[in-house]
Amino acid sequence: MSLNLETYPGLGCYTMSGDKEKLHIVMFPWLHFGHIIPNLELAKLIAQKGHHVSFVSTPTNIQRLPKLSPNLAAPIKFVKLPLPKVDNLPENTEATSDVPYDVVPSLKRPTTPSKNP
């Protein structure tokens, strides 16, 4: 799949005076590589438009990602967010590919906001 940002002209943001403004976008895709990789591709396109992207995922998932080209290393910052320990979730589980299908719901718990903060 190839994305073309020409389809998204709104990514060029402007201030009231008409000056072009750089955005800082935070992306935190679901812990499934079918979501992580397309979000990384979108992050690259956003960075090529001159915006900054903080791409949030677990330490192991970030290590599994393809390396960025040198021209994208500065505008895309990887933010490593370790998952808390969760009952029924095997240690070192950081993506849906790390567990059998019936354990995937346990992976959702650490990324879902709690009702009681």
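A pocket, as the word is used here, is an open set of grid points with protein on both sides within 12 Å along at least five of seven lines, and its lining residues are those with an atom within 4 Å of a point. The exercises below concern a predicted model.

**Exercise 1. Determine which residues line the largest pocket, and how they divide by chemical class.**

Solution. Begin with the space itself, for which the computed volume is about 240 Å³. Next, list the lining, which consists of Pro-82, Leu-83, Pro-84, Lys-85, Val-86, Leu-89, Pro-90, Glu-91, Asn-92, Thr-93 and Glu-94. Finally, sort these residues by class, which gives six nonpolar, two polar and three charged.

**Exercise 2. Describe the salt bridge between Lys-85 and Glu-91, and state whether these residues are buried or exposed.**

Solution. Both Lys-85 and Glu-91 belong to the lining of the largest pocket, and their side chains meet in a salt bridge with an N to O distance of 3.4 Å. As to accessibility, Lys-85 is exposed, and Glu-91 is exposed as well.

**Exercise 3. Characterise Asn-92 and Asp-87 by their place in the chain and their accessibility.**

Solution. Start with Asn-92, another residue of the pocket lining, which is found in the loop between E5 and H4. Its backbone has a positive phi of about 65°, although the residue is not a glycine. With a relative accessibility of 65%, Asn-92 counts as exposed, because the cut-off for that class is over 50%. Turn then to Asp-87, which is placed in the loop between strand E5 (76–80) and helix H4 (104–108). Asp-87 has a relative accessibility of 64% and therefore counts as exposed. As a last step, relate Asp-87 to Leu-107, which is 20 residues away along the chain: the C-alpha atoms of the two are separated by 9.9 Å.

**Exercise 4. Work out how strand E4 is paired, and why it is described as largely enclosed.**

Solution. Take first the pairing with strand E3 (residues 24–27), which runs parallel to E4 and is joined to it by four bridges; within this pairing, Val-26 has Ser-54 of E4 as its bridge partner. Then take the pairing with E5, also parallel, in which five bridges join the two strands, and here the bridge partner of Ser-54 is Lys-77. Ser-54 thus has a bridge partner in E3, namely Val-26, and one in E5, namely Lys-77. The connection between E3 and E4 involves helix H1 (residues 33–48), and the three elements make a right-handed β-α-β unit. It remains to consider burial: five of the six residues of E4 (residues 52–57) are buried, which is why the strand is largely enclosed by the rest of the structure.

**Exercise 5. Determine which parts of the structure are joined by the salt bridges of Lys-44 and Arg-64.**

Solution. The search of the whole structure finds three salt bridges, among them the pair Lys-44 and Glu-41, whose closest N and O atoms are 3.1 Å apart. Both residues lie in helix H1, three residues apart, about one turn of the helix. At 17% relative accessibility Lys-44 counts as buried, whereas Glu-41, at 34%, is partly exposed. Another salt bridge joins Arg-64 to Asp-98, with the closest N and O atoms 2.8 Å apart. Since Arg-64 lies in helix H2 (residues 59–64) and Asp-98 in the loop between E5 and H4, this pair ties together parts that are 34 residues apart in sequence. Both count as partly exposed, Arg-64 at 37% relative accessibility and Asp-98 at 28%.

Terms used. Residues numbered from 1 in each chain as written. Predicted model: local features only at pLDDT ≥ 70, side-chain atom pairs only at ≥ 80, totals over all residues. Heavy atoms only, no water. Buried < 20%, exposed > 50% of the residue type's maximum accessible area, 1.4 Å probe, protein only. Pairing = 2+ DSSP bridges. Right-handed = clockwise from strand over helix to strand, strands pointing away. 1 Å grid on protein atoms, 1.4 Å probe; cavity = no way out; pocket = protein on both sides within 12 Å on 5 of 7 lines; lining within 4 Å. Points joined across faces, edges and corners; volume = space filled by probe spheres on them. Nonpolar A, V, L, I, M, F, W, Y, C, P; charged D, E, K, R; others polar. Salt bridge = Lys/Arg side-chain N within 4 Å of Asp/Glu carboxyl O.
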